[in-house]
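Biologist: I'm new to this one, so could you show me the structure and let me ask how the labels were arrived at?

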Amino acid sequence: MNTEWEPQLVGFLCKWCSYGGADLAGTSRKKYPPNIRIIKVPCSGRVDPLFILKALQLGFDGVLISGCHPGDCHYQTGNYRARRRVAITKKFLEYMGIEPERIQASWISASEAGKFVEVVTEVTEGLREIGPNRLFDEQQQQNTTEAAA
Amino acid sequence: MNSNNKIQQKLRHEAGALLEQNKVDLIIGFEPGSLKFTTTPLITRDKGDLDRLVINPFIVNNLAVFLPDIKGPDLKGPKLKGRVAIVAKGCDGRSIVSLIQDNKVRRDNLVILGIPCPGMIELRKVEKLTGKDRDELDDIIREGDKVVITVDGKASEFPISDVLFDNCLGCEFPTPQDYDILLGEPTAPFAERSAGQARILKGISPQERWEFWRREFRRCIRCYACRNICPSCFCQRCFVEESEPQWLMPVPRWQENLMFQAIRTIHLAGRCSDCGECERSCPVNIPLRSLTREMYDLVDELFHFKAGMAKDAPPLMTHYEQEEAKDLIR
């Protein structure tokens, strides 16, 4: 059995664009890392900062939020609001000591299967580099410093 | 003290006139507390209570916290009702404006009695400076940018910046942004502002920062004092009390405590006026202002937004610009 650690990524994809993009990637038989677990949301504006932190607390190594390109939101402004939320969440959690690489956001339209593959691959590889999420482990800091040493 | 006395006289006079002319139903201000050098909020409908109102360098509380619970005169309900006259320092004033922006309070139901605030004195700093317990001090008198502390009949003078709260030393707007009556002359902020202890984490690595908060939040007992005292924490039902889904367990494990405070601070984005009440109310002295101040600076840096500056402006999180924060998104 392969016991090597694999990054676990949770993706909140908007129903109108990014989920379609992921779907297209699948139907066009494009290959992307199986490390992402997709959760369909009605709009990227649905993503509460609480979801992001909860995913990290549950032990996911990273969170990807993806929605329609600016101006393309099905609900007109949802992705703009998501952008503000993601921006402060990412910056603020960085201040608390969470690596900013763990919180990622992207705009992927329903036709951009290629971009979806690219983003998921990049994010997964990025997570592989920074290592497992031990933020909420009881003994996390000792472990990360030992791993670094 | 003299100027405070003058302001105090004026406050009592104005509050009396407002009640007499039936312009307001309630007065919210400060009265002397049960302990030395403390004050406590006073909410009254009675003109006879007004000579208990005080203005001194210890009126630390942010009275805006009461406003969301007070319903307008036209609304039915068992809660406190009526038009309100409220005493507001600079930061309290901004909290009030922020509540107006969020539609939690109606401006027409409010009379804001603004106080140009020269900063509040932190007793802990005084105790540290004099090495005495607050009960052993005879008097603390502010004179301009000096403070005179009398211990055992002996008076000694210190610069005022030694004893003010950190958030007062970093205050940008000591005079309320919106008021009906200003008691006294507008004051200027300190020439040399400092964010004080709030910058405790600058220059250390992310791992060390996380380690720091992990340690701090081990102490948290989840009393929710920070939430209850915060004027911007006005949710009818806080996310920590939701049970389906249950986001957080009520047990005070550091993981849950840290997550609670992180989300609470994110909810304060664009609302927090850096009044420092959360940190003051914390029974285990967690440096909460370090988080709220970071959020305060963050929304300013990212969106050029300062909380509670204009009552007609939309709240930060309901608004957007076409071009912003672009580099954070792939």
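Modeller: Let's begin with B:Arg222, which sits in the loop between helix H5 (206–219) and H6 of chain B. Keep in mind that this is a predicted model.

Biologist: What makes B:Arg222 count as partly exposed?

Modeller: B:Arg222 has 19 C-beta neighbours inside 10 Å. Buried needs 20 or more and exposed needs 12 or fewer, so B:Arg222 falls in between and is called partly exposed. Its phi is near 55 degrees, a positive value in a residue other than glycine.

Biologist: And B:Asn22, why is that residue called exposed?

Modeller: B:Asn22 has 8 other C-beta atoms within 10 Å. The cut-off for exposed is 12 or fewer, so the label fits. You'll find B:Asn22 in the loop between helix H1 (2–20) and strand E1 (26–32) of chain B. Phi of B:Asn22 is positive too, near 60 degrees.

Biologist: How do you know that the peptide bond from B:Glu244 to B:Pro245 is cis?

Modeller: Look at omega: for that bond it is near 0 degrees. B:Pro245 belongs to the loop between helix H6 (225–229) and H7 of chain B.

Biologist: H7 of chain B also meets H3(A), right? Why are H3(A) and H7(B) called oblique to each other?

Modeller: Their axes cross at roughly 135 degrees and come within 11 Å. Roughly perpendicular covers 65 to 115 and roughly antiparallel starts over 145, so a crossing at roughly 135 degrees is left as oblique. The crossing of H3(A) and H7(B) is right-handed.

Biologist: Which residues make that contact?

Modeller: From H3(A) come A:Ile88, A:Thr89, A:Phe92, A:Leu93 and A:Met96, and from H7(B) come B:Ala262, B:Thr265 and B:Ile266. By class that gives six nonpolar, two polar and no charged residues.

Biologist: How many residues does each chain bring to the whole contact?

Modeller: Chain A gives 34 residues and chain B gives 28. On the chain A side, the largest share is from H3(A), with 15 residues. That side of chain A has 18 nonpolar, eight polar and eight charged residues.

Biologist: What about chain B on its own: which domains does the assignment give?

Modeller: Domain 1 (2–114) and domain 2 (121–163). Their C-alpha centres lie 28 Å apart.

Biologist: And what makes up the contact of domain 1 with domain 2 in chain B?

Modeller: Four residues of domain 1 are in contact with six residues of domain 2. The domain 1 side splits into three nonpolar, no polar and one charged.

Definitions and conventions:
Residues are numbered from 1 along each chain as its sequence is written. Chains are lettered from A and ligands numbered from 1 in the order in which they are written. This is a predicted model: local features need pLDDT of at least 70, side-chain atom pairs count only at pLDDT 80 or more; totals for chains, interfaces and linings use all residues. Two residues are in contact if their C-beta atoms, placed from the backbone, lie within 7 Å. Helices (H or I, at least four residues) and strands (E, at least two) are DSSP runs, numbered from the N terminus. Ala, Val, Leu, Ile, Met, Phe, Trp, Tyr, Cys and Pro count as nonpolar, Asp, Glu, Lys and Arg as charged, and the others, Gly among them, as polar. Domain bounds come from an automatic or database domain assignment. Axes are lines fitted to C-alpha atoms, for helices over the stretch in contact, and angles run from 0 to 180 degrees between N-to-C directions. A crossing is left-handed if the near helix is turned anticlockwise from the far one by less than a right angle, and right-handed if clockwise.
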